[in-house]
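Let's walk through this structure together, starting with the overall build and then moving to finer detail. Have the viewer open as you read.

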Amino acid sequence: MERKLDLDSGDIARCRDAAGAIADEVLGFAAARSTVSIERAVLRWMGVEGGDTDCIPLVNRVVDAAAAAGLLTRGVALPFAEAVRATGMTPSDAARAIAEGRLDLRAPDAEFEDAARATARSLSAAGSDRVRRTNRTRQRFLERLGEGTRPLLYVIVASGNIHEDTVQAKVCARAGAQVVAVIRSTAQSLLDYIPEGATTEGYGGTYATQANFRIMRAALDEASEDVGCYVRQCNYASGLCMPEMATLGALERLDVMLNDALYGILFRDINMQRTLTDQAFSRKVSAAAGLIINTGEDNYLTTSDAFDAAHTVLASEFINEQIALRCGLKPSQLGLGHAMQMNPWREDMFLYEVAQARMAREIFPDCPLKYMPPTKYMTGDIFRGHVQDALFSLASVMTGQGIHLLGMMTEAMHTPHIHDRTLALESTRMIATAARHLEDEIEFKPGGIIQTRARVVLGNAVGLLEQVRDEGLFGAIAHGRFADIRRTPEGGRGLEGVVVKEPGYWNPVEDELDALLAQRAAEVV
Amino acid sequence: MTTRDDAPARAVSGLDLHAVGPYGDTLGDGIVQVSFSLPVPAGPEAREAARRLAVQMGLNEPQVYHEADLGYGFSFWVLYGKCRHHVDVTRIVVPKIDTAPLSFEEINALVLEKAGRRLRIVGACTGTDAHTVGIDAILNMKGFAGEYGLERYPAFEVINLGSQVSNATLLAKVRETGADAVLVSQVVTQKDVHLSNLAEWVDMVEADGLRQDLLLLCGGPRITHEVALELGFDAGFGAGTTPRQVAAWLAQKWVQREH
């Protein structure tokens, strides 16, 4: 990575040190805990699928039964494996029997414990095999069709009906989209279960379900063949079901998942103990499954001023990076988030945005970086909005961003219509083509506006990260250091789903993940 | 900031206010642009379909200026035409917020003098809506468009419940705090669900016997004062509303109601 900004490498190192200490604190906290969603993810990995007659997922019924029987603090895997072993049923059938009260969930008697553990290991290994096959399929697609040029053009579909979404997604792929995300139905992040089945009604988006994942995957595979480029599928490993979403992503060949350490705490008022514990497990899953995670610090700028709070985004990128690396993700899997959100009427706004975008690029040279378009100052004047998005696209191309979320001229109005996306794709491709090698050609004036801005933002991030390290991340969030939003360790949704592990807690899927990660670490980046 | 506001607003010469239509470059030309997609591939038949649709929309002499095939059976169209309809502007009556624009100091002085205490304001983004940008712009200390939010006013005590608050939770909070006014924000909406949610809120307040003790406000990009009144609110505030407009309305309405 050519260094154009004359950033202080001492400042960068201090940021990484402080963020590393913060990550250690968070992961130490998480390691002592599990959550209902982690335990449900374990069951999904072990092959449990489907819902009961009321469409409540079987994994919820089993984990609820384990909690009621006082078994959760030692992990659901062993008692569940014992149920499978003793009955000889498939995982889904055993789960259904437990849900219907035909089968009790209990720890194995001493004489069967080894056999139950062997069953648990074998079910977990079957999940790992499926994830390995999924990774290989993706790899073969990429080798055969390629991913197209970067930045990867990322669009969102959100009709509420998965079947409409697939139509929209294919049209996007034809217009040049390389990543298609299905926005989830509003408030799905607050559901403590993943709905079952294909869905045709949603509010502000489409429910993320295992069936919907498969339907969209098939459509995107078809479109990939049509356009001769592998189109990645994106969804959200976030909210109360974060670990399960990551697991479904791993099993159903999603390629990109939104996954942020702090987003749910700040913007969805999810309890921080819950989400940070969920986070650690989810990231291991994403790492093992070869998923790219997109982090969400760009959202801070929707509530804070984008000029004054630029350093909070950078600080959060460091924290997300350090947590992710410790969970086994490679830099090439880190779509660290940032955004162009300054007031477009601020003089030299474009220079400041280029400075910040380039700064992130140079500080995280091996991460793809997810660059988000203007939303805060989009107005409903679609003609002006199209120009704002053009400025954004130019900044993105000239600073070498990896994943480019397309701005929509109808941002702030409605979820995009079919031509909103095709117009955005066309204009962005035009700009990317017209300015393809601009990045290589430019140098920045020493001590000029751009270099100075980048150095100031980095310097401010040092101060913030060292303050957060000293306060502890939980304390820093309680003080409103991010996005001007305050949350307390006991507040928010989902705390009741956190359990402190007892001695003897066992999670065979985590063992499998560690093995997969060791294997991946030995492979090339 | 973004436009030159000093251009004089005066009636266009030769205009008949009884028959106003769109303007391109000549009074009365009726010029309109429309763009849309069709679920058929581009081609001569689709082009004629687009043109005929424009005629049915009320456009004379529609011209297809751009067509693009989007693939998978869809096409995109840009047309211009001459609108054959017009509107009698003199007969239009739109309910508007009728309170005077007061300054930060005037608002505080009015409330503290007449009420002798702070007004208690509860705000929430209700239903499944997670977008607090509107309610935060009005309530939060730092405000919006260079104006302080209501939290900064000595005249108001603000309780901002944030996003995804159910109407039942909001009602419980209103009872608990003895609120004087409630602000409900609805930003992202689909298939008009915000309207039913807002109507339900007013019904609940009335059923609970609290209606006469409360000023009910709603806001959001798809809210107008007129819609708010229809739904049973006391006021509605649309996009671009500043905190001071809401504050001035609250102060004056509360005083009017109590005196």
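A residue counts as buried here if 20 or more other C-beta atoms lie within 10 Å of its own. By that yardstick, 58% of the 525 residues of chain A are buried. Keep in mind that this is a predicted model.

Chain A holds 20 helices and 11 strands. Its radius of gyration is 23 Å, close to the 24 Å that the globule rule gives for 525 residues, so chain A is as compact as a globular protein of that length. If you lay the C-alpha trace of chain A along its principal axes, the spans come to about 75 × 50 × 40 Å. Sequence separation adds to the picture: among contacts in chain A between residues at least 6 apart in sequence, 78% join residues at least 24 apart.

Now zoom in on helix α18 of chain A, which runs over residues 449-471. From first C-alpha to last, its 23 residues reach 33 Å, close to the 33 Å expected at 1.5 Å a residue. Several of its residues are buried, among them Ile450(A), Arg453(A), Ala454(A), Val457(A) and Leu458(A). An α-helix has 3.6 residues a turn, so residues three or four places apart point the same way. Where do the buried residues of α18(A) pack? Their partners in chain A are α1 (9-31), α13 (310-326), α14 (349-363) and α19 (473-478). Just after α18(A) comes Gly472(A), with a positive phi of about 85°.

Finally, turn to chain B. It is divided into domain 1 (11-92) and domain 2 (104-258), and the C-alpha centres of these two domains of chain B lie 39 Å apart.

Technical notes:
Residues numbered from 1 in each chain as written. Chains lettered and ligands numbered in written order. Predicted model: local features only at pLDDT ≥ 70, side-chain atom pairs only at ≥ 80, totals over all residues. Helix = DSSP H or I, 4+ residues; strand = E, 2+ residues; numbered from the N terminus. Rg over C-alpha atoms; globule rule 2.2 N^0.38 Å. Buried ≥ 20, exposed ≤ 12 C-beta atoms within 10 Å, placed from the backbone. Contact = placed C-beta atoms within 7 Å. Expected span 1.5 Å × (residues − 1). Domains from an automatic or database assignment.
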